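Trainee: Could you take one part of this model and walk me through it closely? I'd like to see how its geometry and its surroundings fit together.

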Amino acid sequence: MSEGDMAVIKPKMLKSYIWLQTTDGSIQQVEQEVAMFCPLICREVLQKGMGSSKTHAISLPERVNTAMLSLILDYCRFHQVLGRSNKECKSFDEKFIRMDTQRLCELTSAADSLQLKPLVDLTSRALARIIEGKTPEEIREIFHLPDDLTEEEKLEPLKNVTDDPRIRLLNRLYARKRKELKEREKLKNTENGERNDDRSVDDLLSFINGEIGDSKEIKSSKNKKKNRRRKDQQKNTCLYEANGSHEEPKSLKFVCPSDEVNKFRPSPSLTLTLQDLEHDSLNDQLEFVDGDIDDEIDPALKAQIDREVEDFARRLNSDWPQRMQEILSLGQERRRAQFSINGNESLRRYASFNLQT
Amino acid sequence: MDFNLVTGLMSELEAKRVKDRISALPDAVLCHILSFLDRTEDAVTTSVLSKRWKKIWASVPSLVFCDEDNPDCVSFVRFVDNVLFFRNSTDIRKFHLQSCCVKDFARIYGWIGTAIRRNVVELDLSVEDFAGDDDHPRVFELPESVFTCKTLMVLGLSSNFITNPPTSGCFPSLKSLNVQIDHPVNKSVEKLFSCCPVLENLRIGGSHGMQRDDPILNFNVSAPELKTLRIYWSSCDVYEKCCKFHINAPKLENFHLWQDPPTDCFLENSKTLVKVTITLCDPLHDNSAEADHRFAIRGTALLAGISSARSLYLSAHRLKKCCLPTFDKLSRLELILYNCYYWELLKELLKRSPNLERLVLELNECKCGESSDHQWIPPRFVPSCLLSQLKTISVRGFKGKVDEMDVAKYLLENGEGLKKMTIYYNDHLCMKEELHKQFSMFQWGSVTCQVELFADIREANCASFGMF
């Protein structure tokens, strides 16, 4: 490196240099103000005193190879000069970012590992521009992505949320809860208040899942769904199924986090199976629902709950998000019952939910 | 540099291995990339790319939904529902919704509620429903949760809406508000502007007056921390309804006003103004004395309110009968002169700006019917700023006419502190030589002054000469 050579020939330089070492072996000197533009290098110098000599060169993260370091230093060299106009900076950035996609990804990676946020933003924007408006096939081709999703997984994105089995499940649960509450009111002081349901969790699980499969509201073929349900319970698939007619992937789609179904495994911690879903409001709602059972319910609150549940059951398909919010805010006012992971307790809570029609 | 050598080696080595480099980036970076996409649909599309990409979209903190391109309302609604439902529980930083087909406003409330519960910082809503009467769209009421949201810092509203801000605890963190009001159907938007305690940035845009029963809006802006205010207001004055703007913003520094035609706008108590831009467009169809009178009153009030400005850009017809205040702190003045009111305004402003250092003039033709022959009558006393403070003068649209030359001569002769005068002339008459000659013949009040003559900017023709 020329800079390194110079350093050897001229012992005393006015500028100070910082030594950097990449994982692919090259060690080089860089002007201090340029190198310090990177937060990571800055920290190494200031906090650990590294980089002052060749033997104490700062080891750069693995994702920064010599080529990328060179690019990054070019970037830093330009931007660390104060007083550049916005126009100048933009112009430089635009020219700088012109490179092939592979290199762009590498640069993003390197910049990220050096915590150089402006450059990460710049490269991320460039990559976003590449992704924008393209079909998945095109994107896969540009970035050499493996096409490793099964056809089912790809088709999970659905158009019809009214077929959401979870929503219908909630619907049913709420209807039942209402009934349950009424019955409990009647039987409040009798021993029959507690229902011992000694079905195993497995049965409950398959009941829920099976029931979803049985619902008449699903427009798509039921058989396929049922079979898939059983078959895919343990796999990474969603509860849903694609509709008969599929829109091309580019149009409106969504995805359900497929890991959720993984949780449909018999386990004591499984409360209503939906507890594990990451969606908070759903969680909160269900917590509220279950928590209610164990609390003493005063009539006013109960009436309110009844109304809520009725409302919910009636309007669920059209505006459940809003409902959830209302219910959530109601639930938040009450103390939330925390579910314990204790086997027995959970089962009991399960049991108290009479899922049998 | 051995950069090329290195890259050459590398590409050689990896030519066989075509790597999926982008998937090697950490989740946070992939998410960051997706957050730059303009539409959430694009982000969700990536969920089918590969296993790695399946769930990245769910953490993208910014959501942009727009149904303009999508005429199918039902699928749009479902899409938004699904995205919100299947997203993981990370915060939503930005939520933009532009909807003109959703009829069920309750659904929209639900979406907004979700965003608020996810600690939204930037919210942009444009909700219209033209389902009913085309002239009277259904009106969207802003839910109270928007007003009380603690994380909301940037809010954009663009539609006819009903607002009922609570009396306290309103917009606790809102720093930036952008409201676009086109053809308002009710007056409730007025309440928005005095309930933002920490607002620093406000933009009001809109148009008004097309319908006979458009309400007259009285904008009462009262924001103790406001630093920048932009108003873009156009009204069709057919029914002679004039919206009023009353602004109480003691910390205001930047004020930009664009009105067509001018309406009442008054700044009370703004003593720290730095940069002011005023553009008042001419009410073309009204040349009556009454209109003039109205203009005069409004102009006077407006200019009185901005008298503390340090930098002023003023473009207004018909300021002749206004009473100008003294601009004590004004050091830079950019003045667009229309030939309906030319040199009088310049004289008045120079007289009243004792500390003016930079003067920029733009000479424009104007179609308001007055003759374009003007005479420069020098003021009785040379303006004090010209004698000492004024350092640079720049004139655009110079046509070499008699009165313009007179003005230039006057300024040069009396500008004792003048360092530079730049004239941009319209070169259809190839006047370069002539101008040179004339300018050289003037007596210059400042020995160090430089005069530059440029033909219209497109031609980089420049002749510059000094006294010696």
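Mentor: Happily! Let's take helix α5 of chain B, residues 105–117, where helices are DSSP runs of H or I with at least four residues and strands are E runs of at least two, numbered from the N terminus. The model is a predicted one, in which local features need pLDDT of at least 70, side-chain atom pairs need 80 or more, and totals for chains, interfaces and linings use all residues. Residues count from 1 along each chain as written, chains are lettered from A and ligands numbered from 1 in written order, and side-chain values use heavy atoms without hydrogens or water.

With 13 residues at 1.5 Å each, α5(B) should span 18 Å, and its end C-alpha atoms are indeed 18 Å apart; the expected span takes one less than the number of residues.

Of those 13 residues, 11 are buried, so the helix is mostly covered (buried is under 20% relative accessible area, exposed over 50%, partly exposed in between, with a 1.4 Å probe and protein chains only). The buried set runs through Phe105(B), Ala106(B), Arg107(B) and Ile108(B), then Gly110(B), Trp111(B), Ile112(B), Gly113(B), Thr114(B), Ala115(B) and Ile116(B). After the helix comes Asn119(B), with a positive phi near 60°.

Now follow Ile108(B) outward: it is in contact with Ser99(B), meaning heavy atoms within 4.5 Å. Ser99(B) sits in strand β2 of chain B, residues 94–99. Its relative accessible area is 1%, so Ser99(B) is buried too. Beyond neighbours within four places in sequence, Ser99(B) also touches Asp67(B), Phe76(B), Ser126(B), Val127(B) and Glu128(B).
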